[in-house]
Amino acid sequence: MDSLSLNSFSPLDPQNFSEESKMVVDFISEYYKIVEKYPVRSQVEPGYLNHLLPDAAPYCPEPLETILKDVSDTIIPGITHWQSPNFFGYFQGNASTAGFLGEMLCTGLNVVGFNWIASPAATELESIVMDWVGKLLMLPPSFLFSGGGGGVLHGSTSEAIICCLAAARDNALKKIGPDKITKLVVYASDQTHSTIQKASKLVGIPTSNFRCLPTSFSNDFALCPDDVRMAMAKDVREGGLVPFFLCATVGTTASGAVDPLEALGKVAKDFKVWLHVDAAYAGSACICPEFRHHLNGVELADSISMSPHKWLLTNMDCCCLWIKEPKIFVDSLSTYPEYLRNSASESKMVIDYKDWQIALSKRFRAIKVWVVIRRHGVDNLMFHIRSDVDMAKRFEAHVAEDPRFEVVVPRRFALVCFRLRPKQEEDETELNTRLVMAVNGSGRAFMTHAVVGGIYVIRCAIGSTLTETRHVDCLWKLIQEKADNLFLEKPGLDMED
């Protein structure tokens, strides 16, 4: 029996692959047709799945039909539906047919392109695509392979920043000595994504050497160059420390703030520190000429990253990272075990992407980005960005028309930060927390919050691929409905006159 089972086992039969893949594609297609009907945020309780699935793996194979039924019955109820047109939380992870097709090619070909010889097309397409996207953003030639720089596709901004920090650390230690790591200091703002703090710890920077500089309403929560300069000067003068890394952001998570790259670049140059620009969210918008000015000054940076899986119709996962001096990167991240040696690598005429990332293994993400750009064209990608921004402007106008609400920080892209205004400020956090809970608890929409300048704000992030104007209008009606209920439940929380 065991011998017969083994002989009949064919895990990659082309005919079966075609039939079962079509079943999964049809399943996903049907899901997209009805995703709007599901509660956006999952309504399950912690541990729900343990009661629905067996506690041991099946010994014998099961039909795909059975598995897909279990997906419908047990997995779908536990999903928060990021592709719902009523998903307005965090920053979107948007998808498209082209992104899905590109992911199918990536997964189906299943190459592991850690160096050029492992799959020349994967390596060369990645370098071409990175120059394509760099040109869409109008990056300086120094960031492109064609201009002496270069780019790599990572899975996330977190990976990109860890690699940049490691390269900057090693470059600094070459100058001051390898035993001086406790002297190195990282600078960011209180609006910079928390990944920079985690990455700093992972590359060995003491937590006491991380400078989280405060921002304020006065400059729309952007990082102030004068504050950075003073902090660096103080560390050098009083602590004998060595500033080595500064992270600026274009489109912060909490409020969509934009740091002044040109002024920060001058500070970085004066103190000889590595300047990284995190444009994970808003970088995609900069393919549109009207948003490109947010990248002014990027020519002074050492690296820049943006994530097409957030707003450029490229299914998870995909982060673009450009480096001005690839040699610094490669010197920090490269290894040369005997089993990977080959004449192409030793010729120094090819790129080995294993030396541009943390992992050895590498997915063929480039083919996904390539398909997305070719299938949509730059014109449609810009239309997608502008459409989301227009819907954000519409939502912003709704907020402005209701005297009970206010927009807390200026909208720059497709994120609107607002709040319900209580008469007593001490009630502000409680009131808005309850409003978010009421909206999310309804299942009809999903939003998240942030705290900026000590104020609790509700974030409406527009960008899900299926979102239309009607969904934005329905969200606003839902918010008003829940606000009405809150004031009826607790009359003491009167709105401002």
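**View 1. E406 and its partner across the strands.** In this predicted model, E406 stands opposite R419 in strand 9. Strand 8 and strand 9 (residues 415-420) run antiparallel to each other and share three bridges; two strands count as paired if DSSP finds at least two bridges between them. Helices (H or I, at least four residues) and strands (E, at least two) are DSSP runs, numbered from the N terminus. Residues are numbered from 1 along each chain as its sequence is written. Local features need pLDDT of at least 70 and side-chain atom pairs pLDDT 80 or more, totals for chains, interfaces and linings use all residues, and side-chain values use heavy atoms, without hydrogens and water.

**View 2. The open sheet.** Here four strands line up in the order 8-9-11-10 with antiparallel pairing. Strand 8 (405-407) and strand 10 (448-452) are the edges, each with a single partner strand, so one side of each has no neighbour in the sheet.

**View 3. A helix on the sheet.** Helix 14 (residues 428-441) packs on the sheet and touches strand 8, strand 9 and strand 11 (455-461). Touching, or contact, means heavy atoms within 4.5 Å.

**View 4. Inside the largest nonpolar core.** Have a look at L246, W322, F395 and I479, which touch the most other members among the 104 residues of this core. A nonpolar core is a set of buried Ala, Val, Leu, Ile, Met, Phe, Trp, Tyr and Cys residues joined through side-chain atoms within 4.5 Å; buried means under 20% relative accessible area (1.4 Å probe, protein chains only). Helix 13 (residues 365-401) supplies the largest share, 14 residues.

Terms used. Buried means under 20% relative accessible area, exposed over 50%, partly exposed in between (1.4 Å probe, protein chains only). Axes are lines fitted to C-alpha atoms, for helices over the stretch in contact, and angles run from 0 to 180 degrees between N-to-C directions.
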